[in-house]
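Q: Please take a close look at a single part of this model, and set it against the whole. Keep the cut-offs explicit.

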Amino acid sequence: MGLCTLCGPSGVAPHRTMARFMFLWCLVYAFFPGSLGATFTVHISHMTLPKTPIFNASFGDGHHWLYSIPPALISKQARHLVRLDQSTGILTLHKDINCTTLHENPFLLHIEARRSRTTLSLFDNGPLEVFVQLPVTVHIHGGHCKLKHTKQEKHKEKDKHINENVVLDHNKQIIVMDFPTGSCWNTEEVILSMKDFLPSSASHCHVDYTLNKHKSEHSALSLNESSSDLVSSKSTLCLHRPNEEHVFVTLQFAAPCMHYYHHRRRDSETGLRINLQLDLRAVGTSMFPRAAAAERAESGTSAVRSRRQARRNRTPNFPQVMYMVNVPEEQPIGYILLTITATDSDSGEAGRITYSMVAERDGRSQNMFSIDPESGTVTTTQVLDRESIEEHFFQITGTDHGSPPRSTTAFLQITIDDLNDHRPDFEQTEYHIQIEENEPAGTTLHEVHASDGDIGSNSDVRYSIMNLDPPNDAFNINARSGIITTRARLDRETVSNYDLLVLARDLGTNPGSLNTTTRVLVTVMDENDNYPQFQKRIFEVSIAEDSPRNVMIETITATDRDEGSNAEIRYSMVGGQGHFNIDTYNGEIMLTSDLDYENTQAYQLVIRAQDSGRSARSNSTRVIVNVEDVNDNYPRFPTTLYQTSVREDARVDFSVITLNAFDGDSGEFARITYSIQEPDPTLPFTINPDNGLITTSMRLDREVSPLYEFTVVASDQGVPPKTATSEVAVSITDVNDNAPVFTQNEYYGRVDEDASPGLTVVTVSADDPDVGNSVSYQLTAGNTRNRFSIISQNNRGMISVALPLDYKQEPRFVLTVTASDNEFSSMCRVFINITDANTYRPVFDQSPYRAEVREDALAGFVAVQVHATDGDVGENARITYSMDNIASFEIDPDTGEIKTRGLLDRETTSSYTIHVTATDHGMEPQLDTTEVEIFLIDVNDNPPIFTEDSYSKEISESVSPQYMVIQIEADDADEGTNSQISYTFNNGDDGNGAFVIDETSGVIRTAIRLDREAKSEYHLVAYAVDGGRPVHRQSVQITVTLEDENDNPPEFSRDEIDVYIEENRNPGELVSTIVAIDPDEGYNALIHYSLIDGDLDYFEIDSRSGELTTLIELDYEAKNEYSVTVKATSTPFFNLAKVNIHVLDQNDNSPILEDFDIYFNNYEGQFPSGDIGQVPARDPDVSDILKYGIVRGNANNHLILNVSTGGIRLHPRLNGTTIPQTIEMGIQVSGGCNNSY
């Protein structure tokens, strides 16, 4: 109750400012023990964007209001989160919500509104000033924004700090209206309408107004609940100082009513109930005629009081508690922000005010602004940079020049408006990006990011590619996100490098848009998408059959448009029957063994070029090696002696015999000419040089010469020619008359097609009855291509192979043989069958074979079937297939099907090159070889693997949103879509929305502003997800540690600290250790303590430890209360605390007692029953309790002394007796250890 007496002692009109303070002090006291009442309530989502209006506090009564939020009535958290427009009263969200840094949710703030009247008229009965205070509670929902009803103790204490001129009640809407003294209203006259004081956010609500009759029972005001009008309930209601009228009203809002911004929720069934307190107060001098009588009636009784008050120096008063002003950055020094003036009703020097300003929170602000001490004009002293400090807070003090000087304070909040003075800044001056060729259109290349130190539209960046001429038109950039994507598939072989010039342009308009550029250098990574290419499909070379070994025949090279290992070509060869070899690296074909044209005239080589890519590609060509014949064979006669006979009457040019010689060479080297060696001029024979036919050249005469013998020479056309000779013996016979007769009409023979020339196949024989006749034989029909020849010897005809046979062309010959005795002849037929000699080797249909197999194919899956053909027949044409010994595949020897033998793994081996051989079943088997390339098709059987087991990064807590923290990277052993990796925080941990990740690049950025003091370390979990089916995911831990920045001021546990010390302590004694806490760490948390105000001559403080010590010996009796202001500085931030030092009394003084006399009148019949006197003792020590005692002179006990009070009274037994006229006593007064007499 004592506290309430401080609100206004009866009979004394307190100073107006003090009266208000004491009154409010009582309300605060009444509030804190209770629970929080209803307030205007706002619900928002944690995703609400900055600059979104969340509450409209404006009043629609047509008056000009000024809105503010006093710093003392809003927590530090809320001060950073919301902004209030001073003119419109609209409360907006100032920045992104970071739930991790919330220390209170919901949070309470108070919006104040003021309007005043500058002129008065005699007929204006309105208020001079109106003050409204709205309590607003903001709830944040969603994400991880848990409701936090408790706050740290230091925040509680901050909320208790109340300024002298502020009205505060957490659970009420308060309206204070100041009317001129003498303002009067008649009965039922409307003073105001309660509807005028509904904030716009609730103006559409249905509200029931109820007068709290219990609290308002003594009020002269009443409420018309239907119209919400407040009216006078007296015949004449007049306001006179210091009288006030109070009324309490309850506002019941129908449910649903309040609009919940950006968060869908249900209102309660009962709606919202808000208590309202209205105070009508009288201020100033009456100016109203109907109040003149009341003024005069009081003038006499208040004259003395008025004179007394006139002599007092009254306190100045600012019209506002909180001033808020915006100033553009980069303004020149001396820029005028505003003028703040206070009023003082005193005159002369007592009414002259001097202004000063002191920075709060950040000491750097002090040097950036100044206030004119006379005019109160605030100007800049430095060029301001919003990016350095966005908001400045000052306490403005107005001090008059009265005696004693009095001062008042207000608060100034300066918000620096952004100018577009920062260009967008790319994270890198050049981006070096790699992308695989053949990626589909729309593939994300990279995300470029530029940050802008400005805010709002000045920091809103748009991206574009400046050089979009071909070939750069293959790319596109998202104007908002900066994500560069492809417009078409890229082909490295067409364009391998791109140079993009990317422009980042902000949307600033004041003074204009700014931009910057960066280069994005794109390297198209090669994919093995090109086959090696030979210059020709068929190469043809020639080599002499007598060429030496290891001679290079030809260099066969292929080119590959790919690069790197994809273009590194290795060569291999199939065919050549061991005569050739190819260099693996340079494609040189070398002769490795001797050639024989007569055996093989041409070789067909299959040259394969295979690149070294991951999925190898190959191509092949054919090289036909023609063996050039050299004259290395001599002509050969079937026999060394030819014997025949001719009748002596044979005509000239009669055909005697044909000689056939064979040469294993070819061409001119195999063309044979015949001649007679050293012919005798008398020799009656001549020989045809081309066909070897010997004919008669003159008439014969047996009687002259019965026998002719000569030598025939067969010469080829070589240089020099090679020759062979055979002897010819011609017998001249007598004339006969019988024809020769064959022993058989038909003869049969068989010969292999590879039989050598000169081999005798069939021998025919004919008999001539004539004596002495010689029979000669000739092939007269059926000798196709002259493959056979016949020799007449000993009257028999030996048919032999003349030229190489070919089963394919002539599998059978039917020869007609004529036997002649030079006059008569007869014929027979000879049937010769040519047998196949496994002449042909098997030949594959294609070389190489290519096939694709899924890597998850089951054992027994047919990958490919090879097929070869053989020109022979029978067993010579029956083919068996075989292949290299490869564990993963096997071949069916009969069908040529190549099958899987077990599980395949593309990531271990992506392709196989298998050599397959086709072998026939001839006596001397022949074969062919081909290559089979099997490529494994990828299936998504591998998860992404991060390049590191975990990631860690340290960043400054002051980095801006979208700051690049780290880039994580994962690889996938699969290929194609299965290996395309995207990154996500889904199902992971993004630090409660503090970080975002680029799904393409794996770049992790900040999403919000971070605060190390709220959370110093984040443990994120990201996933790499491949693009295959089924999807594979892999997680990784990322630790982000925040490095401290000095961004917090020191904080005292309380704004006002009480400490106690006993008097008489020696100088240097410790009073208390004053401790402030800086949430920063390390050097940033070092605090320097100093004393800046108060009783500085009595105390000092250790700058490091905060130990407050005495400079003098304190004496309670001299002074028992001291105060100092302690400043805790962590440059550039500081904070202040007032320390009240209470000196505790010690019993260091003796009671003071001097001789005294007691006189009293003793009236007859009136015996004094009470005290007749008091011992006049006192003790300077307030803590001492005095004890009284009589030490002498009261032997008869006539007097009784109260031991505790020192009161003296007569002993009752003296009643009715004669009382001594004089009694002298010795009194002892004891105060603890000290006594006085």
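**One strand and its partners**

A: The protein has an accessible surface of about 60,100 Å², and carbon and sulfur atoms hold 47% of that area (Shrake-Rupley method, 1.4 Å probe; for residues, only the protein chains shown count as cover). The model is predicted: local features need pLDDT of at least 70, side-chain atom pairs count only at pLDDT 80 or more, and totals for chains, interfaces and linings use all residues. Residues are numbered from 1 along each chain as its sequence is written, and side-chain values use heavy atoms, with hydrogens and water left out.

Of the 1237 residues, 48% are buried, meaning under 20% relative accessible area with a 1.4 Å probe and protein chains only. The fold contains six helices and 89 strands (DSSP runs numbered from the N terminus: H or I of at least four residues for helices, E of at least two for strands).

The part chosen is strand E39, residues 588-591. In a regular strand the side chains alternate between the two faces of the sheet. In E39, Ile589 and Leu591 are buried and point to one face, whereas Glu588 and Met590 point to the other and are not buried.

Strands count as paired if DSSP finds at least two bridges between them. E35 (residues 552-555) runs antiparallel to E39, with three bridges joining them; Glu554 lies opposite Ile589. E38 (residues 580-582) is also antiparallel to E39, over three bridges, and Asn581 has Met590 as its bridge partner. E38 and E39 form a hairpin with five residues between the strands, where Gly587 adopts a positive phi near 75 degrees.

Methods. Buried means under 20% relative accessible area, exposed over 50%, partly exposed in between (1.4 Å probe, protein chains only).
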